[in-house]
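Visitor: I would like a close look at a single part of this protein, taken slowly. Could you choose one helix, and then lead me from there to the spaces inside the model?

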Amino acid sequence: MSPLLCGGRLLKLRRTTAAMAAQMQSYCSSLTCGRQKVNGVQLYYEKAGTGKHAVLLIPGALGSTKTDFQPQLKSLNRDLFTVVGWDPRGYGQSRPPDRDFPLDFFERDARDGVDLMKTLGFATFSLLGWSDGGITALIAAAKNPHLINKTLVWGSNAFVSQKDLDIYASVRDVSKWSARMRAPMEEVYGAHVFAKTWQAWVDGVAQFARRPKGNICIDLLPLIRCPTLIVHGEKDPMVPSCHPHFLLKHIQGSRLHLMPEGKHNLHLRFPEEFNKVVEDFLQERQQDFI
């Protein structure tokens, strides 16, 4: 390689790196971006707003603040809420460690998320959980009733059925996904790590099917005492409608909100509608919710 060519590439690389740094600095100027050591790992988080009502956003499988919650971090009312997004251990910018999926990985995420908020100085807070993050939110709410004000979940389930296993198997091979669906995850992880980690997730969630009734957190649902809103997209291809109705039946005083055109990523596809549902729910007095 000639020195001229090498130098040109180095200059281009430096300009690209500088541009990326400037972009990140601009992005973080409207947020607090940082890392906090929690339970032996460094967890990346982003915080927006100064409101008295703190809210933790919990992403889905392999999800992160970057891939899962930008419309919420940017647009939820910053005067009313302090919104915290985070990357669970092994996901996004909370690496290392590499992600693994022991049988208690949902409980581990719930513990990490709650302890992150406590470390950041929040005495009480609400939870917004998508997909896997909704399962994590339900576990956290059940195990920490004194800390959780309200819980909102969507695209989530408390058990794994044979129908769910068939759905997971159909999406196991990410090479069959559309380029548009793969792109955000490949940008975060790289193509190889994304494919490998996704397959590990499929195996990790499938192990719950070997439990009685496919139990993930069925036994914890009656322990949830805070106001809980279950949102479901009626066109969700990943989560059959039996799941939100099961949550509604087993979480005392919960409520179900249906979005007729919503799919699994309804909060990204219809952010204005979804954010209004969130803000209205979080601002309701508890006696009005019940």
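Guide: Let us begin with helix α9, whose buried residues pack against α5, β6, α6 (162-170), β7 and β8 (255-259). What you are looking at is a predicted model, and the residues of α9 that are buried in it include H243, P244, F246 and L247. Viewed down the axis of α9, these buried residues fall within an arc of 155°, so they line one face of the helix. A general point about helices helps here: an α-helix has 3.6 residues a turn, so residues three or four places apart point the same way.

Two of the buried residues of α9, P244 and L247, also belong to the lining of the second largest cavity, together with V153, W154, G155, S156, I230, V231, H232 and V239. The elements that give two or more residues to this lining are β6 (148-154), β7 (228-233) and α9 (242-250), and the largest share, 3 residues, comes from β7. The second largest cavity has a volume of about 40 Å³, and its lining divides by class into 7 nonpolar residues, 3 polar ones and no charged ones.

From here we can follow α5, one of the elements that the buried residues of α9 pack against, to the other side of our story. Helix α5 spans residues 132-143 and contains T136, which counts as buried because its relative accessibility is 2%, and a residue is called buried when that value is under 20%. Apart from its neighbours within four places in sequence, T136 is in contact with I58, F106, D109 and A110.

T136 is also one of the residues that line the largest cavity, where it is joined by I58, P59, P88, Y91, R99, F105, F106, D109, D132 and G133. Two elements give two or more residues to that lining, namely α4 (105-119) and α5. The volume of the largest cavity is about 50 Å³, and its lining has 6 nonpolar, 2 polar and 3 charged residues. The structure holds 2 cavities of 30 Å³ or more.

Helix α5 leads us on to an open space as well, because α5 is among the elements that give two or more residues to the lining of the largest pocket, the others being α2 (65-68), α6, α7 (179-189), α8 (191-206) and α10 (266-269). About 990 Å³ of space lies in this pocket. Of the 32 residues that line the largest pocket, W130, M181, M238, H264 and N265 lie nearest its centre. The element that gives the most to the lining is α7, with 4 residues, while by class the lining has 18 nonpolar, 8 polar and 6 charged residues.

A few loops deserve a look before we step back. Most residues other than glycine have a negative phi, and most peptide bonds are trans. With that in mind, look at the loop between β4 (81-87) and α4, which is the place of P96 and also of P97. A cis peptide bond joins R95 and P96, with omega at about -5°, and another cis peptide bond joins P96 and P97, with omega at about 10°. In the loop between β3 and α2 you will find L62, a residue other than glycine whose phi has a positive value, near 65°, and L62 counts as buried at 0% relative accessibility. N39, in the loop between β1 (32-38) and β2, likewise has a positive phi, of about 50°, although it is not a glycine, but N39 is partly exposed, with a relative accessible area of 38%.

Finally, let us set these parts within the whole protein, whose secondary structure comes to 12 helices and 8 strands. Buried residues make up 52% of its 290 residues, and among contacts with a separation of 6 or more, 76% are between residues 24 or more positions apart. As for the confidence of the prediction, the average pLDDT is 92, and 88% of the residues score at least 70. Residues 1-24 call for care in reading, since pLDDT stays under 50 there and the model has 2 contacts beyond four places in sequence for them.

Technical notes
Residues are numbered from 1 along each chain as its sequence is written. This is a predicted model: local features need pLDDT of at least 70, side-chain atom pairs count only at pLDDT 80 or more; totals for chains, interfaces and linings use all residues. Side-chain values use heavy atoms; hydrogens and water are left out. Buried means under 20% relative accessible area, exposed over 50%, partly exposed in between (1.4 Å probe, protein chains only). Contact means heavy atoms within 4.5 Å. On a 1 Å grid over the protein atoms alone, a cavity is a set of points where a 1.4 Å probe fits but cannot get out, and a pocket is an open set with protein on both sides within 12 Å along at least five of seven lines; lining residues have an atom within 4 Å of a point. Grid points are joined across faces, edges and corners, and a volume is the space filled by probe spheres set on the points. Ala, Val, Leu, Ile, Met, Phe, Trp, Tyr, Cys and Pro count as nonpolar, Asp, Glu, Lys and Arg as charged, and the others, Gly among them, as polar. pLDDT is the predictor's confidence in each residue, from 0 to 100. The arc is that of the directions from the helix axis to the C-beta atoms.
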